[in-house]
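Visitor: I would like to learn how to read the features of a structure such as this one, from strand pairing to cavities and charged pairs. Could we take them in turn, with the general idea wherever there is one and then the case at hand?

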Amino acid sequence: MRRQDSLWNRVDWLLIAVFFILVILGWLNIYAVVYDAEQSQNIFSFDLNSGKQLAWIAGSLVIIIAIMILDYKFFDSFAYYIYAGFLVLLVLVLFFGKEIAGNQSWFVFGPVRLQPSEFTKFATALAVAKYFSAKNVRLDKFNEQIKSSLLVLVPMILIVLQGDAGTAMVFISFIIVYYREGLPSFYVITGLSVAIIFILTLLVDQLYLTIGVIVLATIIVVINNKRLKNIGVTILMAVIVIGVIQSVDYVISDVLKPHQQNRLKALVNPDADPLGYGWNVTQSKIAIGSGGTFGKGFLEGTQTKFDFVPEQSTDFIFCTIGEEHGWAGSFVLIVLFLVLMIRVVFIAERQKSNFARIYGYAVAGIFFFHFGINIGMTIGLFPVAGIPLPFFSYGGSSLWSFTILLFVLIKLDAHRMQVLTR
């Protein structure tokens, strides 16, 4: 093969560079979390999370090479088989998996633990891309909306059964793909409205909200007193909104588990119980705020050293950035992630095949959801949900799954001039 036709001359090196920068920064910050100045600690030691993460990083390099060697048509041709395989694993883990931190989500092989639900995000992205590109799907038709939504709902339900609501929430990100492919905006607006009403109900007395809805609906009816259809729609929407408001107490008390209830309470008012359910969020904000403009310096974070913030290598890794590198370091990290996500969308839009374009949007949505929710929960904007920060949070399953997501897109993009044939 001539040099100008080499695969490595066609890959997106900007995206690859951002990937390696994030992975290396993540590894260094994992070391910063476990570092103890009073002990002689080697960043490469397998007794530390940093040493173990380095092994996962080495595994990621093997995965990258394997993806680049594979025929790019493999991912389109075997999308449904990969999806079905991971659905089987989601079922098997319910019976043969090990429960860790209350979630029946892990297969354990000696010192190695793998979480199938992390990889199922990739498999679902392939299946969704295959479904929408394999035939002329019309998402303005209700039957297509139902059939296509099952691709996302089935893994979500299986993951919820494992007790891992946080990972299940990530599948909401596929709404970006569905909207891009023609899903009516009504569904997006309705979903956002329900979420906003739910949060408002936690902040404002239900009676006041109900009265407010009735007053607003009455005003709209008076304005549209000669349009019976608009009046009917207004009354129906008011009834639905009031129903959502009145159902919040039931959902919180009878549907959510105690720890999930506490996470919502911490979101609304962490100061109500700063030593109990508000501890994580309170300490997280203290750690980030204590960094100031430029931070305390690498390996100098006091909140980190004294273990004030639980799960700081995983869910709350962003606290280490804020404390040791301050606002400036946090800003740089956010810019890197924005570059990553914007580049992914750019790559998705330049694809010649529908499969690659749709898959690209799925990747963008998954990364955006993880990025937004993880950072949001560390600063108290979202409830703690156990969602890792891509390439930063400690853990092999998350690192490998994000690596696969990204490099499959890079592989498809490298062959974008060769439209997939069916």
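Guide: Let us start with the strands, where I100 stands opposite N103 in β2. Please keep in mind throughout that this is a predicted model.

Visitor: How many bridges join strand β1 to β2, and do the two run parallel or antiparallel?

Guide: Strand β1, residues 98-100, is joined to β2 by three bridges, and the two strands run antiparallel. They form a hairpin with two residues between the strands, in which A101 takes a positive phi near 55°.

Visitor: What joins β2 to strand β3?

Guide: Three bridges join β2 to β3, which covers residues 112-114, and this pair is antiparallel. Here V108 stands opposite R113 in β3, and the two strands form a hairpin with two residues between them, where G110 in the turn has a positive phi of about 65°. As for burial, strand β2, residues 103-109, is mostly covered, since five of its seven residues are buried.

Visitor: Which residues other than glycine have a positive phi in the loops?

Guide: Two to look at are L299, with phi near 70°, and F391, with a positive phi of about 70° although it is not a glycine. L299 lies in the loop between α13 and α14, and at 17% relative accessibility it counts as buried because the cut-off for that class is under 20%. F391 is found in the loop between α16 and α17 and is buried as well, with a relative accessible area of 3%.

Visitor: How does the span of helix α13 serve as a check on its geometry, and what distance separates its end C-alpha atoms?

Guide: The reasoning is that, at 1.5 Å a residue, the twelve residues of α13, numbered 279-290, should span 16 Å, and the end C-alpha atoms are 16 Å apart, which agrees. The buried residues of this helix are V281, T282, Q283, S284, A287 and I288, and just after the helix G292 takes a positive phi of about 65°.

Visitor: Let us turn to internal space. How many cavities of 30 Å³ or more does the count give?

Guide: The general idea is that rolling a probe the size of a water molecule over the atoms shows where empty space is left. In this structure the count comes to two cavities of 30 Å³ or more, and about 30 Å³ of space lies in the second largest cavity.

Visitor: Which residues line the second largest cavity?

Guide: Its lining consists of F19, F20, V23, I57, S60, L61 and L399, which divide into six nonpolar, one polar and no charged. Helices α1 (13-34) and α2 (49-69) each supply at least two residues of that lining.

Visitor: And the charged pairs: how many salt bridges does a search of the whole structure find?

Guide: In general, side chains of opposite charge can pair when their charged atoms come close. A search of the whole structure finds ten salt bridges, and one of these is the contact between the side chains of E349 and R180, at 3.1 Å from N to O. E349 lies in helix α15 (residues 317-349) and R180 in helix α8 (residues 175-180), so the pair ties together parts that are 169 residues apart in sequence. E349 counts as partly exposed at 39% relative accessibility, and R180 as partly exposed at 33%.

Visitor: Where does K296 lie, and where does E323?

Guide: K296 forms a salt bridge with E323, with the closest N and O atoms 2.9 Å apart. This pair links distant parts of the chain, K296 being in the loop between α13 and α14 (302-305) and E323 in helix α15, 27 residues apart. At 31% relative accessibility K296 counts as partly exposed, whereas E323 is buried, with a relative accessible area of 0%.

Visitor: Why does the pair of R350 and D413 tie together separate parts of the sequence?

Guide: Their closest N and O atoms are 2.7 Å apart in a salt bridge. R350 lies in the loop between α15 and α16 (354-378) and D413 in helix α17 (residues 396-414), so the pair ties together parts that are 63 residues apart in sequence. R350 counts as partly exposed at 21% relative accessibility, while D413 counts as buried at 0%. Salt bridges that share partners join D12, R343, R350, D413 and R416 into one network.

Technical notes
Residues are numbered from 1 along each chain as its sequence is written. This is a predicted model: local features need pLDDT of at least 70, side-chain atom pairs count only at pLDDT 80 or more; totals for chains, interfaces and linings use all residues. Side-chain values use heavy atoms; hydrogens and water are left out. Helices (H or I, at least four residues) and strands (E, at least two) are DSSP runs, numbered from the N terminus. The expected span of a helix is 1.5 Å times one less than its number of residues. Buried means under 20% relative accessible area, exposed over 50%, partly exposed in between (1.4 Å probe, protein chains only). On a 1 Å grid over the protein atoms alone, a cavity is a set of points where a 1.4 Å probe fits but cannot get out, and a pocket is an open set with protein on both sides within 12 Å along at least five of seven lines; lining residues have an atom within 4 Å of a point. Grid points are joined across faces, edges and corners, and a volume is the space filled by probe spheres set on the points. Ala, Val, Leu, Ile, Met, Phe, Trp, Tyr, Cys and Pro count as nonpolar, Asp, Glu, Lys and Arg as charged, and the others, Gly among them, as polar. Two strands pair if DSSP finds at least two bridges between them. A salt bridge is a side-chain nitrogen of Lys or Arg within 4 Å of a carboxyl oxygen of Asp or Glu.
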